[in-house]
Amino acid sequence: MSFEALELREQSPDEPTPVQAVPDRPTDAPPPLDLMSVHKAWGKRKKRNPVLKGVDLTLEPGAFAWVGGRNGAGKTTLLRVASGLIGAEEGYVLSYGLDPMRDRAEFQRRVAFLSAGNQGIYARLTVRIQVDTWARISFVDRKERPAAVQRTLEAFDLLDLADARCDRISMGQRQRVRLAMTFVADPDLVLLDEPGTSLDDEGHAVLNNAIEALRARGGAVLWVSPSGDQAQARADFTERHVLKDGRLEQV
Ligand SMILES: Nc1ncnc2c1ncn2[C@@H]1O[C@H](COP(=O)(O)OP(=O)(O)OP(=O)(O)O)[C@@H](O)[C@H]1O
Ligand SMILES: [Mg+2]
């Protein structure tokens, strides 16, 4: 699930709905993410800007993949397509064999997307209510929700801020809240757009713990950030790709 759906709908009201038939779900353990020949352009006619020109990417259980590329290369567009927020014009997106349109609810329960920036938080809500509200939207069972929220606030070291209003916390604290929202429903695939923004060392450590726990139970993580930033040097990525001229190159 992602919290930028509304923003995005306003940005691109003419978003075409994919018309292709989705391939049958593979029966034997489909991977956390399978992108097949994904094409996506922004704008129309003369202003048409093809951004993804045939992207293929498969993430296996336990994967921790990095996708880099220059500013404007299409990394965020790729994550939006992979999260089901926007449709690909050609090609397919499957997560565990689930199609984001056909299997919407289950896809949203299993796939989480952290958008770049600091949006998606309601100023007047407290940190706890913000995370709880997101857990509801992400289909966390009503009975399990208080425990899930408590566990996630603890995991992201937010318990001391649980009753603080979201417009009265710092940028790094906001980012921790956004990360807590991303992880609260125990997703199996996590798509992270520049997740390190504003985090201090301890913030990076709690994020790493969440990523490791997810991978240990067979989940997968895709981390996107511009080439040349510090994330690129991480030793724990299982694979690295660069998005260039609309295609992924393994590096
Ligand atoms: N909603 C939109 N409408 C029209 N064009 C868009 C939209 N979003 C992105 N683009 C264009 O698509 C291209 C890729 O943008 P995108 O945000 O995917 O790049 P990025 O690789 O994430 O860049 P950055 O490193 O700066 O975050 C850019 O040329 C951008 O102007
Ligand atoms: Mg981006």
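Hi everyone, this is a short walk through a ligand shell and two groups of strands.

First, the ground rules. This is a predicted model, in which local features need pLDDT of at least 70 and side-chain atom pairs count only at pLDDT 80 or more, while totals for chains, interfaces and linings use all residues. Residues are numbered from 1 along each chain as its sequence is written, and chains are lettered from A and ligands numbered from 1 in the order in which they are written.

Let's start with the ligand. Ligand 1 is surrounded by 16 residues, where a residue is near a molecule if its C-beta atom, placed from the backbone, lies within 6 Å of it. Trp42, Asn71, Lys75, Thr76 and Thr77 are the closest. In character, the shell has five nonpolar residues, ten polar and one charged; here Ala, Val, Leu, Ile, Met, Phe, Trp, Tyr, Cys and Pro count as nonpolar, Asp, Glu, Lys and Arg as charged, and the others, Gly among them, as polar.

Which element gives the most to that shell? Helix 2 does, with three residues. Strand 2 (49-59) and helix 2 (75-82) each supply at least two. By helices and strands I mean DSSP runs numbered from the N terminus: H or I of at least four residues, and E of at least two.

Strand 2 takes us to the open sheet, three strands in the order 2-1-4 with antiparallel pairing. Two strands pair if DSSP finds at least two bridges between them. Strand 2 and strand 4 (90-94) are the edges, each pairing on one side only. Between strand 1 (residues 33-42) and strand 4 there are four bridges, in the antiparallel sense, and Asp34 has Leu94 as its bridge partner in strand 4.

Now over to strand 7, residues 220-224. Is it buried or exposed? Five of its five residues are buried, meaning that 20 or more other C-beta atoms, placed from the backbone, lie within 10 Å of their own. In a regular strand, side chains alternate between the two faces of the sheet. Here, Ala220, Leu222 and Val224 are on one side, Val221 and Trp223 on the other, and both faces are covered.

Strand 7 has parallel partners, too. Strand 3 (residues 64-68) joins it through four bridges, with Phe64 opposite Val221. Strand 6 (residues 189-193) pairs with strand 7 over five bridges, also parallel, and there Val190 has Val221 as its bridge partner.

Terms used. A residue is buried if 20 or more other C-beta atoms lie within 10 Å of its own, exposed if 12 or fewer, and partly exposed in between; C-beta atoms are placed from the backbone.
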